[in-house]
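Q: I am new to looking at protein structures. Could you show me how to read some of the features, one at a time?
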Amino acid sequence: MTNDTTTSPHPRIFYGWWMVLACSSMIFFASGIFFRGFTVFVPAIRDSLGLTQAQTNLIFSLARAEGGLEGPVAGWAIDRFGNKALLVPGIVIAGIGYFVLAGFVNSYWSFALVYLGVISLGNSVAFQHAMFAGINQWFRRRRSFAISTLAAVSSLGGLILVPVMSLVILNLSWRWAIAGAGIAYLIGILPFTLLFKNRPEDIGLRPDGDNEPPLIQTPSSTETYGSVRERDYTVKEALRTRAYWLLLTGAGLRQLATIGILVSLIPILQSKGVGLQMAANLTGAMFGINFVSRMTLGYFGDKWPKSWILGVTLALESLGFLCLFLGSWNDGRYFLLIIFVVLEGLGDGAGIIVWAALGEYYGRVKFASLRGIITFSHSWVMIAMPVFAGWAYDHYGNFDLALIPAVGGAATASICFFLIKRPTPLIRN
């Protein structure tokens, strides 16, 4: 087992927590605008450009998938050049892209080019890869809490910014909201990169502020126990473990269940009889629950088995999707939609534990590469499911057909996570 008795040699606050603060400030805006807030733009852009729901969902789903498609390359680049080398250009590119989208996009193809080739590219590189890989470098013992804090603040961004952007869209236009996003990126996000450091070793520290690398206890040939240094897995070694493939499969099934729903969440709620602003408010409330869930699960994620946390929360998500399928705002079944908001807020809060588990099982050195393989493996799901949901709406006038695989996908992902056992720690020669 791991020896956790090492303590920080410095009385001051460990710089890793300043990293968490800086990254949380950045992800608040990025998540509230891009990763969470995109759902409020779906009906506005759809109607403004005269698109079908399937056409609109295709662009937003390709944007979600882009981070997975570029995952192996981005992971290699991060491991080779460092996180900050990708973080800063990504933020600048995304910020400029919002101004271009607000001022010059008037057709489906220009929308696709700018949103996918500029905005999504910048966001995916900066926040899906560089930022989370950077946080993983700074922690071992407190990894779950650190990453979950970052993810919790991203939910807080959705809670606050989704209703705000909805009000801007309703009272001005979606173009004003998009222009505001560009300002937020260049003025609200970019300055925080000055605090970003790639690794604790770059400033003479170790993960968690510890004096020495962690020790693991192993039985010696004389049946006594000796302390040895743990080392990280290589990519090839990780690919040979059962846990990695179960983690990959569970993460993919989780995306199959959730991405088609979250891309179209506000239109789905509207199809259930919910008004536009109320749908935005319910979505914001879900992100608020998400915030509490992520902070709580992040704390317990460093104490409880991560596979069990993931298994339980995916089971809750499956039940939540069933409630969304059966619910309606106007005929007495509105309580089912509220249950969905609560369960999805709780369940989705554990999604970040996937990456905390990856870091715990396989270490820091090849984290970005191993994460990139996982995101690439299920990138097709992030395209197919939102388009399928849009197609269902265009042909049947509701999203019920898309909710069926969501229920099954979340339930099957739950089983995969329950089956995971942590791989054996490796020791240095």
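A: Gladly! This is a predicted model. Let's start with the surroundings of one residue: setting aside its neighbours within four places in sequence, Tyr115 is in contact with Phe34, Phe38, Ile59, Phe60, Ala63, Leu101 and Ser120.

Q: Where is Tyr115 found, and is Tyr115 buried or exposed?
A: Tyr115 is found in helix H6, which covers residues 108-138. To judge burial, look at the relative accessible area, where under 20% counts as buried. Tyr115 has a value of 4%, so this residue is buried.

Q: How far apart in space are Tyr115 and Arg140?
A: Compare two separations here, one along the sequence and one through space. Tyr115 and Arg140 are 25 residues apart in sequence, and their C-alpha atoms are 36 Å apart in space.

Q: What is the C-alpha separation of Val342 and Gly320?
A: Those C-alpha atoms are separated by 7.9 Å, while the two residues are 22 residues apart along the chain. Val342 has its place in helix H14, residues 334-348. With a relative accessible area of 34%, Val342 is partly exposed.

Q: Could we try the same reading on Gln270?
A: Of course. Gln270 is found in helix H11 (residues 265-271), and its relative accessible area of 29% makes it partly exposed. Apart from neighbours within four places in sequence, Gln270 is in contact with Pro43 and Leu276. For a long-range comparison, take Asn106: it is 164 residues from Gln270 in sequence and 25 Å away in space, C-alpha to C-alpha.

Q: Now for pairs of helices. At what angle do H5 and H8 pack?
A: Helix H5 (residues 84-104) and H8 pack at about 160°, and their axes are 8 Å apart. An angle over 145 degrees counts as roughly antiparallel, and H5 and H8 are therefore roughly antiparallel to each other. Their crossing is left-handed.

Q: Which residues make that contact between H5 and H8?
A: From H5 come Ile91, Val92, Ala94, Gly95, Tyr98, Phe99, Leu101 and Ala102, and from H8 the list includes Trp174, Arg175, Ile178, Tyr185, Leu186 and Ile189. Sorted by class, the contact of H5 with H8 has 15 nonpolar, two polar and one charged residues. You have already met one of these residues: Leu101 is also in contact with Tyr115.

Q: How far apart are the axes of H7 and H12?
A: Helix H7 (residues 143-171) and helix H12 (residues 276-301) have axes 7 Å apart and pack at an angle of about 170°. H7 and H12 are therefore roughly antiparallel to each other. Their contact holds 17 nonpolar, 15 polar and one charged residues.

Q: And how do the axes of H4 and H6 cross?
A: The axes of helix H4 (residues 71-81) and H6 cross at roughly 40° and come within 10 Å. H4 and H6 are therefore oblique to each other, and H4 passes H6 in a right-handed crossing. In this contact, Gly71, Ala74 and Ile78 of H4 meet His129, Ala130 and Ala133 of H6. By class, the residues of the contact of H4 with H6 divide into four nonpolar, two polar and no charged.

Q: How many of the ten residues of H15 are buried?
A: Here you apply the burial test along a whole helix. Nine of the ten residues of H15 (residues 353-362) are buried, so this helix is largely enclosed by the rest of the structure. The buried ones include Trp355, Leu358, Tyr361 and Tyr362.

Q: What follows H15?
A: Gly363 follows H15, with a positive phi near 90°. Another positive phi belongs to Asp208, a residue other than glycine, with a value near 65°. Asp208 lies in the loop between helix H8 (174-189) and strand E2 (215-219). Asp208 is buried, with a relative accessible area of 8%.

Q: One last feature: how many disulfides does a search of the whole structure find?
A: First, the general idea: a disulfide is a covalent bond between the sulfur atoms of two cysteines. In this structure, the search finds zero disulfides. You can still read the burial of its cysteines: Cys23 is buried at 0% relative accessibility, and Cys323 counts as buried at 9%.

Key
Residues are numbered from 1 along each chain as its sequence is written. This is a predicted model: local features need pLDDT of at least 70, side-chain atom pairs count only at pLDDT 80 or more; totals for chains, interfaces and linings use all residues. Side-chain values use heavy atoms; hydrogens and water are left out. Helices (H or I, at least four residues) and strands (E, at least two) are DSSP runs, numbered from the N terminus. Buried means under 20% relative accessible area, exposed over 50%, partly exposed in between (1.4 Å probe, protein chains only). Axes are lines fitted to C-alpha atoms, for helices over the stretch in contact, and angles run from 0 to 180 degrees between N-to-C directions. Angles under 35 degrees count as roughly parallel, over 145 as roughly antiparallel, 65 to 115 as roughly perpendicular and the rest as oblique. Ala, Val, Leu, Ile, Met, Phe, Trp, Tyr, Cys and Pro count as nonpolar, Asp, Glu, Lys and Arg as charged, and the others, Gly among them, as polar. A disulfide is a pair of cysteine sulfur atoms within 2.5 Å. A crossing is left-handed if the near helix is turned anticlockwise from the far one by less than a right angle, and right-handed if clockwise. Contact means heavy atoms within 4.5 Å.
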